[in-house]
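Visitor: I would like a close look at the helices of one chain and at how they pack against one another. Please take the helix pairs in turn, and then turn to the backbone features in the loops.

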Amino acid sequence: MPLRPNVSERSAETSPSQKVASSWPEIHDYGIIGDCRSAALVSGSGSIDWLCWPRFDAPSIFAALLDRERGGRWSISPAGPANVKRQYIPDSNILETHFFSSSGSAILTDMMPGAANAFYRNDFLPDHEIIRKVICDSGELEFDIDFSPVADYGRTKVQIREFGKLGLRFTVGRGAYWLRSSAPLLITDKGAHARVVLRRGESLRFSFSYSEEAPAVLRPLDLSLDARIDHSVAAWQQWGRRASYDGAYRNEVVRSALALKLLTYAPSGAIIAAPTTSLPERIGGDLNWDYRYCWLRDASFTIRALLELGYWDEAEDFLDWMLQATRLTQPKLRILYSLYGDKAPVERELAYLSGYCESRPVRIGNAARDQLQLDVYGEVVDAAAQFAVHGGKLDREMQKALIGFGNYVVRNWDQPDEGIWEPRSGRENHTHSRLLCWTAMDRLVRLGERGMLRGAPIERYRQESNLIRRQIEERAWNEQIQSYVSVLDGQELDASLLLLSWYGFAEAGSPRMRSTYQAIRQQLASANGLLFRYRKEKIEGTFALCSCWEAEYLALGGGSLAEAHDRFADLIKYKNDLGLYGEEIDPTTGAALGNFPQAFTHVGLIGAALSISQREKGEQQLAHRPPAATQQATSQVRS
Amino acid sequence: MNWPSWLLSGFLATLALSTLLATTQGLGLTRMNLPYLIGTFVTTQREKARFYGFLIHLLNGWIFSILYVLVFEARHMANWWFGALIGLAQALFVLTVGMSLMPGIHPRMASEQHGPNANRQLEPPGFMALHYGIQTPVSIFIAHAVFGAMLGSLYQLAK
């Protein structure tokens, strides 16, 4: 039974954050639709409160998510009180919001057609489009349609003009936006508005599109729009049902894969961390960051998840993107990249926006772009190694790049860095960074031993790997608290220590890891059983990904299978009604915190389910299987 | 009339016209994409439309340059500024008369009167093609002036 009530029941229960600003939907009230180029967030009341066109990191055209007054939105909502039930059409990213009132009920369907869909190959297609359709399925229901776009993160008012039967149009910079509606809309000073009563069987159709490279394509709002929805459903279902996973929690795994697919930028293969900026990690606080970029850190987990679910094309595209993106800086790596592999923009604050629930400042760009985080080298090398052991071919260029990363690690692994949690308080000798430097050396040695890395100084990598191992065992182990610690010679813990087993550095069932796990539970577990990532003065939510790591650690041998299931079950209580997760979970209310939905959490969830499934089948985690088992798995995957 | 000179100057001037139009479009000054608009006369496939449209536009420009050459010969004058003047006149004609006729003659263009349907879905250009961006007329005037100027000066040189 979900801890949080769904939208229809929520009116009876208010969380502290709702009391602060009752006009704000909770973060987990949102669903996502997208076309693998951009995404929109749709609230439970049918309001699109976030949209950036033409790509994830472009300025917004709807940003009520960050400022209710000036951000802009497009809502199609019942005029009176109504209960709400939402779902994605099974195994698809087509969102259905079902409104129930005393007078009748209606279904709102929201989607963004994918340009790559084979159905459209011989057809005109808008560059970017949102399709919305609302149909009354019983009685009658009055709807308010409020279309109030504001360009450039709520900064620039737009001038909407009517062009006869073509619809409403406004331009921003080089781009033209067209809204076509089957209901007549009245242009107001804020946008366009209508109030329409729908009776059983009646429907309204809308198409909102954007074009900046050529004359726009304007689609008719007749029955062909319904056919387009059906084709999109079929295309998504075809993709979703390709997931080669037959273990427990299949629904959660497939939903996570679908969410991950939505966060993929198809033209380059990049996967962004989240489609939003500045949703707070603490309501009313300043832990608000822009996540619309691609972090290399996520690479290893993402590749593994995609490969093991059978999504070879996406895994290969992401690896290609990763190696292309890093080409200009090799052998140095940046922490995060833009969608096309450029340096992420400089961080700026948008002081005129209120922020979600008054959580200021709203930031765009990300200052972590200038940080040193040595763990990314291990993550990139591990991702490539996973790809190779699954049967992927490392071409000469890729081999050279990997050797370059390895040589960089040889020269720099002993440096302090900002580490995985990206604090802005300076550099330290993080255990997690050392672990990933060890991982880089270890994977390169393994690839070299299998003849997959010509010309690599394997012996040197082996020596460095031993040196790093010794340093971790001697200085990252705290005898007094009987635990590995976050920083060499330190006292503090953080949840990334659980990854010592994931990367194969320490057996999950070893005394040191078991003892570390106990310490982590003692210090980092919240009342609801989920883990904080660390303990700091600035209170934030429990970190969803860390609970995935915990379930995975238990599945890897740190605990019993039942314990792994229990932890996983604890986590899935906190998905929203659509199966989506944010970055963090409020330990008191269970509300989602931080940017939403979060790729890393969904990747972690897939990883945990995979490890549990492998444990049930008596298989080893794929990255650490012996060569014979790996080859067998590879041939199965390939066939 | 010097046929080889027309062939050469007409071809080079059309190339320059196409390049300028593509550049202004790439710089985001306009969404006017002539190859795409022309190509969609013959196909609905976007990438093919761009390619076919480019070929047709090239051929069209080449043939159209014959009119310029006929004016040069009639006036016994061929130089860059006279060519540019004809180019500006042509641009004015294209933007006013040509664009207003487009929804009627283009088989896939929608109109304000009828809206889009299964066959007609392309955004119409509007007066002076302003629907495709307020700098579209500037882009068209400059490109055609350069087309005419090149034609005038190259035809004169090769004569």
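Guide: What follows is a reading of helix packing in chain A, with some notes on loops and on the contact with chain B. The model is predicted, and every value below is computed from it.

I begin with α6(A), residues 312-325. This helix has 14 residues, and the distance from its first C-alpha to its last is 19 Å, close to the 20 Å expected at 1.5 Å a residue. Its buried residues are A:E314, A:A315, A:F318, A:L319, A:W321, A:M322, A:L323 and A:A325. The cover over these buried residues includes the helices α5, α7 (375-389) and α8 (396-412) of chain A, together with the strands β17 (264-265), β18 (270-271) and β20.

One of those covering elements, α5(A), can be described in detail. Two packed helices are described by the angle between their axes and the distance between the axes. For α5 (residues 298-308) and α6(A), the axes come within 8 Å and cross at roughly 155 degrees. Because that angle is over 145 degrees, α5(A) is roughly antiparallel to α6(A). The crossing of the two helices is left-handed. From α5(A), the contact draws on A:A299, A:T302, A:I303, A:L306 and A:L307, and these meet A:W312, A:E314, A:A315, A:F318, A:L319 and A:M322 in α6(A). By class, the residues of this contact divide into nine nonpolar, one polar and one charged. Several residues that face α5(A) also appear among the buried residues of α6(A), including A:F318, A:L319 and A:M322.

Following the chain out of α6(A), one enters the loop between this helix and β20 (336-337), where A:P331 is found. A:P331 is joined to A:Q330 by a cis peptide bond, with omega about 5 degrees.

The next helix to consider is α15(A), residues 599-616, which is preceded by a loop that starts after β27 (592-593) and contains A:P597. Here too there is a cis peptide bond, between A:F596 and A:P597, with omega about -20 degrees. Two helix partners of α15(A) can be described.

With α14 (residues 561-572), α15(A) packs at an angle of about 155 degrees, and the axes are 11 Å apart. That angle makes α14(A) roughly antiparallel to α15(A). Their crossing is left-handed. On the α14(A) side the contact involves A:L561, A:A564, A:H565 and A:F568, which meet A:A608, A:A609, A:I612, A:R615 and A:E616 of α15(A). This contact has six nonpolar, one polar and two charged residues.

With α4 (residues 250-262), the axes come within 9 Å and cross at roughly 145 degrees. This crossing is left-handed as well. The α4(A) residues A:E252, A:V253, A:S256, A:A257, A:A259 and A:L260 make the contact with A:A599, A:H602, A:V603, A:L605, A:I606 and A:A609 of α15(A). By class there are nine nonpolar, two polar and one charged residues. A:A609 takes part in the contact with α4(A) and also in that with α14(A).

A further helix, α9(A), covers residues 431-449, and its 19 residues should span 27 Å at 1.5 Å a residue, which agrees with the 27 Å between its end C-alpha atoms. Of these 19 residues 18 are buried, so α9(A) is largely enclosed by the rest of the structure. Just after the helix, A:G451 takes a positive phi of about 75 degrees.

Positive phi values also occur outside glycine. A:C357 has a phi of about 50 degrees and is found in the loop between β21 (348-350) and β22 (362-364) of chain A. With 21 other C-beta atoms within 10 Å, A:C357 is buried. In chain B, phi of B:H76 is near 50 degrees, and this residue is found in the loop between α3 (46-75) and α4 (80-105) of that chain. B:H76 is exposed, with 6 other C-beta atoms within 10 Å.

The two chains also touch each other, in a contact that takes 20 residues from chain A and 20 residues from chain B. On the side of chain A that touches chain B, the residues divide into 10 nonpolar, four polar and six charged.

Technical notes: Residues numbered from 1 in each chain as written. Chains lettered and ligands numbered in written order. Predicted model: local features only at pLDDT ≥ 70, side-chain atom pairs only at ≥ 80, totals over all residues. Helix = DSSP H or I, 4+ residues; strand = E, 2+ residues; numbered from the N terminus. Expected span 1.5 Å × (residues − 1). Buried ≥ 20, exposed ≤ 12 C-beta atoms within 10 Å, placed from the backbone. Axes fitted to C-alpha atoms, helices over the stretch in contact; angles between N-to-C directions. Parallel < 35°, antiparallel > 145°, perpendicular 65-115°, else oblique. Left-handed = near helix turned anticlockwise from the far one by under 90°. Contact = placed C-beta atoms within 7 Å. Nonpolar A, V, L, I, M, F, W, Y, C, P; charged D, E, K, R; others polar.
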